[in-house]
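Student: Could you take me through one part of this structure closely? I would like the strands and their surroundings in one connected account.

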Amino acid sequence: MAETDVMIRLQSVTKQYAGTELPAVGDLSLDIERGEFVTLVGPSGCGKTTTLKMINRIIEPTSGKILIDGVDALSMPAHELRRSIGYVIQQIGLFPHRTIAQNVGTVPSLLGWEDSRIAERTDELIEVVGLEREMLDRYPSELSGGQQQRVGVARALAADPPVLLMDEPFGAVDPIVRGHLQQEFLELQRKLGKTVVFVTHDIDEAIRLGTRIAILNIGGVLEQYDTPTEILSNPANQFVEDFLGGERGLKRLGLLPISSADIVRGPVADRTSTAEDARAVMAEHEVDWIGVLDGDRLLGWVEASALDGADLSEVEPRPFAVSLTADASLREALDSVVTGHARTAVVVDREGKYRGMLDLEAISEEITE
Amino acid sequence: MSVVFGQADQLLDWSWVERNIGQIVDRTWEHLTLTGISVALGLVISVLLAIVVLRWRWSYPPITGAAGLLYTIPSLALFALLVPFTGLSQTTAVIALTSYTLFILIRNIVAGIDGVPAYVKEAADGMGYTPRSRFWRIEVPLALPAIVAGVRIATVTTVGLVTVTAVIGLGGYGFFILRGLNTFFWTQLIVGVLLSVVLATILDLAFVALQAWLSPWSKRRAA
Amino acid sequence: MNVLEQLIDFIMDPSTWTGPASFWTRLFEHLWVSVAATLIGIVLVFPLALYLGHTKRGSQAATAVVNVGRAVPSFGILAVAFLILVEFGAGVGTPWAVLVALIALAAPPVFTNTIAGIQSVDPATVEAARGMGLTGSQVLARIELPMAMPLVMEGIRIAFVQVIATATLGALVAWGGLGRYIIDGFAVRDNGQILFGALAVGLLAIAAEVGFSLIQRAVTPRGLRVAR
């Protein structure tokens, strides 16, 4: 990738606290490209939060260099640097004495925008993060945790900073809300093309959100820095492997779309087929059931024993529990295989037309690949 | 009033201290008894009122409101209000001083009991404590440090207020302050103020020690 | 003649309300010295308290001030201030000793409450503010101070009520104020005058307390009112 595409560059950055022997972060170098979503992950004490906070100089590095879009971050006053970097923390830190509108408008007003422009921007942002406009006149204490976190994101985006730093932003909300927030934020980031640095201790969150993951060890040692798929298939060392934990294969499957596996036509026959033809298809696939097609729709399936003395059209097919589209993950496909009677995952397109099937073998090939 | 510069160059006349050591001891005793009786009486009344509050929650605002009102009235005014009825007597002093302790004590007792976390009480219930045994064995011990903190504040405050009772002929060390003031005699004034501060500090530290002794668990809490 | 009658007699006496030593003079003396002492006390300690609170260095200072302030009797402070000013030839019959002593009494609650107020601001809020690019003084002025306001006002209220109460003792150092009625009443054994003074001072203190509580409520930012 070309040199100019580096948005954030850490060069031998070190943070050494007085009175401690080991540095919190020692000699860390890391390049983050424009538009990337990098998750910093590692056990507590690995310096991931320290690293994040050195980028906007909430924590001043002891030595090393930080370049943001080619500019030395240490060359300007910290508060000016920070106005061009969005910042979201786990505790959110909304200002309780200011309305939501005032909270969101903080940085624009620091930058001296006109009131009308600030109002326009807040209106726009509140919708971007999926909140109602009437929320703008409320105070933070009148909002739920999830809503507050959305406001936190809106506030960070207010002056349209190219870079967003996030410190476990979804850590304090309940799992269901967290899932929603993650998904929405992911879509938002893809749409806005911001460069995001995101700290989490949750490897699953790191895998789900990051285009690249930086796995840090105690003292800010960078153990591996790569795409989620690559890290899951080729962990650099034992530490990374241990940190990824069990179910690595499953985690990887969660990242792969069904379209990446071989979808086969499977044991199916048109509903007009004779019992004879149906048995031939079953024999070919070595199964004791057959999928029943009506044109390009899959109606369901029929057991071999039901075809004794009856053609396919005379038997009522049993429907498949789940049909998946090609952009669903292989992990979902696997779930469908192991829970369904037919031991198969049915794949359809967006209109519901039958595209094919995946069996256990096809999925496991992807894991071992 | 004529200004008499007594011992301008001699702030502390030790010979005066030596000559009046007997009186200093008497006034110490007076200061201690006024403080002790008032705080003790205040504690008894506060505990009773706190029990009322804990049983009937609605009584908290009126009770603390009334105690707060008493607390707001300047000490000299309260003595003055009582003097026409109870005279220049120890009774007057004790009634006034006691009434000042109530506000501090009631609030601390109730806050102490309320401060026991709900999950601790639930755990106690779960292990089979009766409401009465839970109150005495769990809630009171846990609330004790807060209650002692209240007694500490009340005591130190009372030590200071006792000095004002000099205007009704008592005063403990306040007697020396008032006399020093009226005779422009620095030694007496300094002895009065200093001993009052020393007494307050000693009692303060004693209560800090008592607090620590009563709550050994709080010492080892991570910083 | 019972106490109540004496009190009514004193109230009905025209000289209570007119002349150079009227109630109004006493009330004015009492109030101006109290207000002045409180304001000067605030001006003296507020900047330091802001600085200590903002830099998170104030906890120990605040605790020390609370403990020392409680141990030193206000009567003692007044007496010492008086004798010192007498030494400088400005004691008798002037308000300065009272003013100095009351300033010393007003300062500690303002000091400790300001520090406590600023330090009670959630560190996450401060970090978020810094993270958005507020300078140190902007954080103090726009975030910490508004959020500390309820506690600061509480400190000023405590200071003011305490000052009003202690100003009563001004009569003991040969100055005016409403305390005069009590001290003079003691001197001449006039129960009516004593009661009159006690009621005046008591009501003034309560009025100050209640009035200030209302002001306090008015200046609390709305967002904080909902939260607490």
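Tutor: Happily; here is a walk through the sheet of chain A, its neighbouring parts and then the cores and chains. This is a predicted model, where local features need pLDDT of at least 70 and side-chain atom pairs count only at pLDDT 80 or more, while totals for chains, interfaces and linings use all residues. Residues are numbered from 1 along each chain as its sequence is written, and chains are lettered from A and ligands numbered from 1 in the order in which they are written.

Let's start with the open sheet of chain A, whose six strands follow the order β6-β7-β8-β3-β9-β10 with mixed pairing. Helices (H or I, at least four residues) and strands (E, at least two) are DSSP runs, numbered from the N terminus, and two strands pair if DSSP finds at least two bridges between them. At the edges of the sheet stand β6 (85–89) and β10 (221–226) of chain A; each has a single partner strand, so one side of each is left without a neighbour in the sheet. On average, neighbouring strands here are turned by 15° against each other, direction ignored. Axes are lines fitted to C-alpha atoms, for helices over the stretch in contact, and angles run from 0 to 180 degrees between N-to-C directions.

Within the sheet, β7 (residues 163–167) and β8 (residues 195–200) of chain A run parallel and are joined by five bridges, with A:L165 opposite A:V197 in β8(A). Across β6 and β7 of chain A lies helix α6 (residues 145–157), which runs at about 165° to β6(A).

Now for a single residue: A:A206 sits in helix α8 (residues 203–209) of chain A. A:A206 is buried because 25 other C-beta atoms lie within 10 Å; the cut-offs are 20 or more for buried, 12 or fewer for exposed, and partly exposed in between, with C-beta atoms placed from the backbone. Not counting residues up to four places away in sequence, A:A206 touches A:T39, A:V41, A:T200 and A:I213, where contact means C-beta atoms within 7 Å.

Another set of strands in chain A centres on β1 (residues 6–15), which pairs with β2 (residues 25–33) in the antiparallel sense over six bridges. A:L10 stands opposite A:L30 in β2(A). Strand β1(A) is also joined by five bridges to β4 (residues 63–68) of chain A, again antiparallel, and there A:R9 stands opposite A:L67 in β4(A).

Finally, the chains: A and B do not touch, with their nearest C-alpha atoms 17 Å apart.

Conventions: Two residues are in contact if their C-beta atoms, placed from the backbone, lie within 7 Å.
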